[in-house]
Amino acid sequence: MTAIKETNFSFPKQTSFYKGKVRDVYTINNQFMTMVVTDRISAFDVVLPEAIPFKGQVLNQIAAKFLAATKDIVPNWVIDVPDEMVTIGRICEPFKVEMVVRGYLAGHAWREYSAGRRSVCGVALPEGLKENDKLPKPIITPTTKAAVGHDEDISREDILAKGIVSITDYTLLEKYTYALYERGTEMAAERGLILVDTKYEFGKVGDDIYLIDEIHTPDSSRYFYAEGYAARQDANEAQKQLSKEFVRKWLIENGFQGKDGQVVPVMTKDIIDSISDRYIELYEQITGDKFVKNDAADVLNRIESNVVSALSQLLA
């Protein structure tokens, strides 16, 4: 299958188009959002030059599964999933923060901690922790939602002081975030995984809050294998994980962290294939389903046909 790096559809009653880091978003009749999850991949807020086969299908199908499994906690934006790579949903006004929740000291939080800082986003961390240790309790470490460039850490206090989110809404966002993380943790445990950290995005329609975007995918989450976790921690060994962190580590090892002047290392076919395999591995591990590669010869025509059919019913 040829990886889908970009799309250029013209759907019925299309009113606008937005190209995100990995998603192409089409607004329909100013009523619905049609999100095509491409095979683009980003790291350090930079879109890498090569796309990853089947990545979009993996992300969209995992997100669909978890959004359906959490709608009893908080309503979400999804109306229909007409294609393996597409979700159609309601248009929400997004909050300008991402709710990052962490149960373990890994990734960005560990990099901050190992640099000597003992708080992340205003949340104090105890002394004596090592990489990938379980935290005393899950913590929320929000980031600003940047239109371009890097998202930035921000504290709860600053969010409220700057009026980015009202106290009433933010209290609800925290409640939903902890409940979603608890559900995600339970579902991961059933599949032999640990949900290490993840992020949620929310929006509003009128006075109602909705969960938006994707959840519990390898782009938005980090998973460890539960089997052997304790033994690896005791032996100070790296954890076996399923997340995009291995892509970030490969980039760091090759001199790239998204900083000015740095050049993305060459992504060989072996690297691209290995990333694709890891995404499929996570899909099968977290869902318990066999991944079916939808490698139709003309994926773009398939997507267009499925979306037009779905929209004809929504717009009828």
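A cavity is a set of grid points where a 1.4 Å probe fits but cannot get out, and its volume is the space filled by probe spheres set on those points. With that idea in hand, welcome to these exercises. Please keep in mind that the structure is a predicted model.

**Exercise 1. The second largest cavity**

Find the volume of the second largest cavity and work out which residues and elements line it.

Solution.
- Step 1: Start with the volume, which is about 30 Å³ for the second largest cavity.
- Step 2: List the lining of this cavity: P218, L242, S243, F246, R278, Y279 and L282.
- Step 3: Look for elements that supply at least two residues each; these are β17 (241–243) and α7 (269–287). The largest share, three residues, comes from α7.
- Step 4: Sort the lining by class, which gives five nonpolar residues, one polar and one charged.
- Step 5: Now look at two of the lining residues, R278 and F246. The charged end of R278 sits over the ring of F246, 4.1 Å from the ring centre.

**Exercise 2. The largest cavity**

How many cavities of 30 Å³ or more does the structure hold, and what lines the largest one?

Solution.
- Step 1: The search gives two cavities that reach 30 Å³ or more.
- Step 2: The largest cavity has a volume of about 80 Å³.
- Step 3: Its lining is made of 14 residues, and N60, A63, W77, T87 and D213 are the ones nearest the centre.
- Step 4: The elements giving two or more residues to this lining are β3, α1 (55–70) and β6 (78–83). Helix α1 provides the largest share, with five residues.
- Step 5: By class, the lining of the largest cavity splits into nine nonpolar, two polar and three charged residues.

**Exercise 3. Two salt bridges across the sequence**

Which parts of the chain are tied together by the pair D24 and R40, and which are linked by R156 and E174?

Solution.
- Step 1: Recall the principle: side chains of opposite charge can pair when their charged atoms come close.
- Step 2: Check the first pair against the cut-off of 4 Å. The closest N and O atoms of D24 and R40 are 2.8 Å apart, and the two form a salt bridge.
- Step 3: Place both residues. D24 belongs to strand β2 (residues 23–28), while R40 is in the loop between β3 (32–37) and β4 (42–43), so this bridge ties together parts 16 residues apart in sequence. Both D24 and R40 are buried.
- Step 4: Turn to the second pair. R156 and E174 form a salt bridge, with 2.9 Å between the closest N and O atoms. R156 is in helix α3 (residues 156–161) and E174 in helix α4 (residues 167–190), and this pair links distant parts of the chain, 18 residues apart.
- Step 5: Compare the surroundings. R156 has a relative accessible area of 28%, so R156 is partly exposed, whereas E174, at 16%, counts as buried.

**Exercise 4. Salt bridges in the whole structure**

Is K290 buried or exposed, and how many salt bridges does the whole structure contain?

Solution.
- Step 1: K290 and E284 meet through their side chains in a salt bridge of 3.6 Å, N to O.
- Step 2: The limit for exposed is over 50% relative accessible area. K290 has 66% and therefore counts as exposed.
- Step 3: Its partner E284 is partly exposed, with a relative accessible area of 25%.
- Step 4: Some bridges share partners, and these join R23, E98, K145, K199, E201, D213 and E214 into one network.
- Step 5: Over the whole structure, the search finds 22 salt bridges.

**Exercise 5. Rings and a charge**

What kind of aromatic pair do W110 and Y113 form, and which charged end sits over the ring of Y113?

Solution.
- Step 1: The structure has 11 aromatic pairs.
- Step 2: In the pair of W110 and Y113, the ring centres are 6.1 Å apart and the planes are at 25°. Planes under 30 degrees apart count as stacked, so the pair is stacked.
- Step 3: Both residues lie in helix α2 (residues 107–114), three residues apart, about one turn of the helix. Y113 is buried, with a relative accessible area of 3%.
- Step 4: F224 and Y229 are another stacked pair, 6.2 Å centre to centre with 20° between the planes. Both of these residues are buried.
- Step 5: Ring pairs also link F9, F11, F17 and Y26 into a cluster.
- Step 6: Return to Y113: the charged end of R118 sits over its ring, 3.7 Å from the centre.

Conventions. Residues are numbered from 1 along each chain as its sequence is written. This is a predicted model: local features need pLDDT of at least 70, side-chain atom pairs count only at pLDDT 80 or more; totals for chains, interfaces and linings use all residues. Side-chain values use heavy atoms; hydrogens and water are left out. Helices (H or I, at least four residues) and strands (E, at least two) are DSSP runs, numbered from the N terminus. Buried means under 20% relative accessible area, exposed over 50%, partly exposed in between (1.4 Å probe, protein chains only). Rings of Phe, Tyr and Trp (its six-membered ring) pair if their centres lie within 6.5 Å; planes under 30 degrees apart count as stacked, over 60 as edge-to-face and the rest as tilted. A charge sits over a ring if NZ of Lys or CZ of Arg is within 6 Å of the ring centre and within 35 degrees of the ring normal. On a 1 Å grid over the protein atoms alone, a cavity is a set of points where a 1.4 Å probe fits but cannot get out, and a pocket is an open set with protein on both sides within 12 Å along at least five of seven lines; lining residues have an atom within 4 Å of a point. Ala, Val, Leu, Ile, Met, Phe, Trp, Tyr, Cys and Pro count as nonpolar, Asp, Glu, Lys and Arg as charged, and the others, Gly among them, as polar.
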